Amino acid sequence: MIPEPYGGHLVNRFGRRGKSPAAEELQTLPSIQLTQDESYDAEKIGIGAYSPLEGFSSGAEFESITSHTRLENGLPWSMPIVLAPSGHENTSAVSSVKKGDAVLLNDFTGRPLALLTVSEKYTLDKGAFAEKTYGTKDTSHPNVEEIANMGQVALAGSLELLRRLDSPFSSYELTPEESRSHFARMGWKSVAAYQARNPPHLAHEYIQRVTLERDDVDALFIQPVVGKLKHGDYKPEVIMEAYDVFVSRYYRKESVLLGSLSISMRYAGPRAVLFYAIVRRNYGCSHYIVGRDQAGVGSYYDPFAGHRIFDEFDVGVHPIRYNETFYCSICKNMVSTKVCPHPESSRVNTSQTRIRKILAEGGQIPHEIIRPEVAAILSRGNVTIE
Ligand SMILES: [Zn+2]
């Protein structure tokens, strides 16, 4: 069955205009300029993607999440959602606000996005944030570098979202309410979420098709992360263009929905996997696909730790775990280590690293690795974040 939202009900802190102050009134409030990461988080809290969170984490919640991987009420939760503004103007605004104050949060383009009712100010333990959440204090880790750039003082409080963020993918940026309505309209009782941060290649497609063949899965919700990614990753617009052409050409609308999720990638290995599964449950997914080394970066995490975290924490989403997948030149098929008996030398390397290398050298990507429609998009050049 389509699961209830996490924590029992879908948070909706958006569009309660009757309660929100008028534009002139907003101008009189102290304001904070959010970063891109914080803007995405504020929006996702507002639309219920982070249910049951209704605002940014308090000091006690931060401690509970980082130390115990749980909210204070005991529900498993792996990533603190922190607002610790940095920069001169922001920090002076933060220093003057008091508990109970309303603060206007402007998005990263400077437009009013949300109102925060401050419940607490606390000193952010950045060392604990990095070490306990990402398992390292090494600032060459992209998220740890972000933490280093955050302010010292964090604001907690409940949030009212004033509008959705502008997005080049607005037709794909569904709210959890919208995806749930779509699932209901289609009569889908069980939906598997596919998390992506790369254009689709045939190893991804194999996992998606095998999932669709399961009799406990009615449909697939492919939802690439299109918020802030890191240097070297594919650009979000390239990922979505590739998925758009791929899904419309190769999948049935009766069993596949394409969406997008604008949040910043948390390259936190297993903790990120758990977080993404919780978010997808809010979008209405009953199953969550976990491949090898999902949400990993460099060699910080065991590639299968993301599989095991579901043994430790039950978030009400059924994990579908896959081994490494690749094209085998003897099987003449996409296979995984679970089915193919042939030596490693028979495997065609389908890694993004290899695809990027072929592209950089101006070569043709083999059709065993990638669909020609997707290859054509990637071959245009200028497809990764510099
Ligand atoms: Zn084989």
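In the predicted model, the second largest pocket encloses about 340 Å³ of space, a pocket being an open set of points on a 1 Å grid over the protein atoms alone where a 1.4 Å probe fits, with protein on both sides within 12 Å along at least five of seven lines; the volume is the space filled by probe spheres set on points joined across faces, edges and corners. Its lining (residues with an atom within 4 Å of a point) comprises 22 residues, of which Asp37, Glu38, Val82, Glu146 and Met150 are the closest to the centre. At least three lining residues come from each of domain 1 (23-161) and domain 2 (176-378), with bounds taken from an automatic or database domain assignment. Helices α2 (36-47), α5 (126-134) and α6 (142-149) each contribute at least two residues to this lining, helices being DSSP runs of H or I of at least four residues, and strands runs of E of at least two, numbered from the N terminus.

Residues are numbered from 1 along each chain as its sequence is written. As this is a predicted model, local features need pLDDT of at least 70 and side-chain atom pairs count only at pLDDT 80 or more, whereas totals for chains, interfaces and linings use all residues, and side-chain values use heavy atoms, without hydrogens and water.

The largest pocket has a volume of about 1000 Å³ and is lined by 37 residues, with Asn198, His204, Arg292, Asp293 and Gln352 nearest its centre. Among the elements that each supply at least two residues of this lining are β6 (191-196), α8 (202-212), β11 (325-328) and α12 (352-360).
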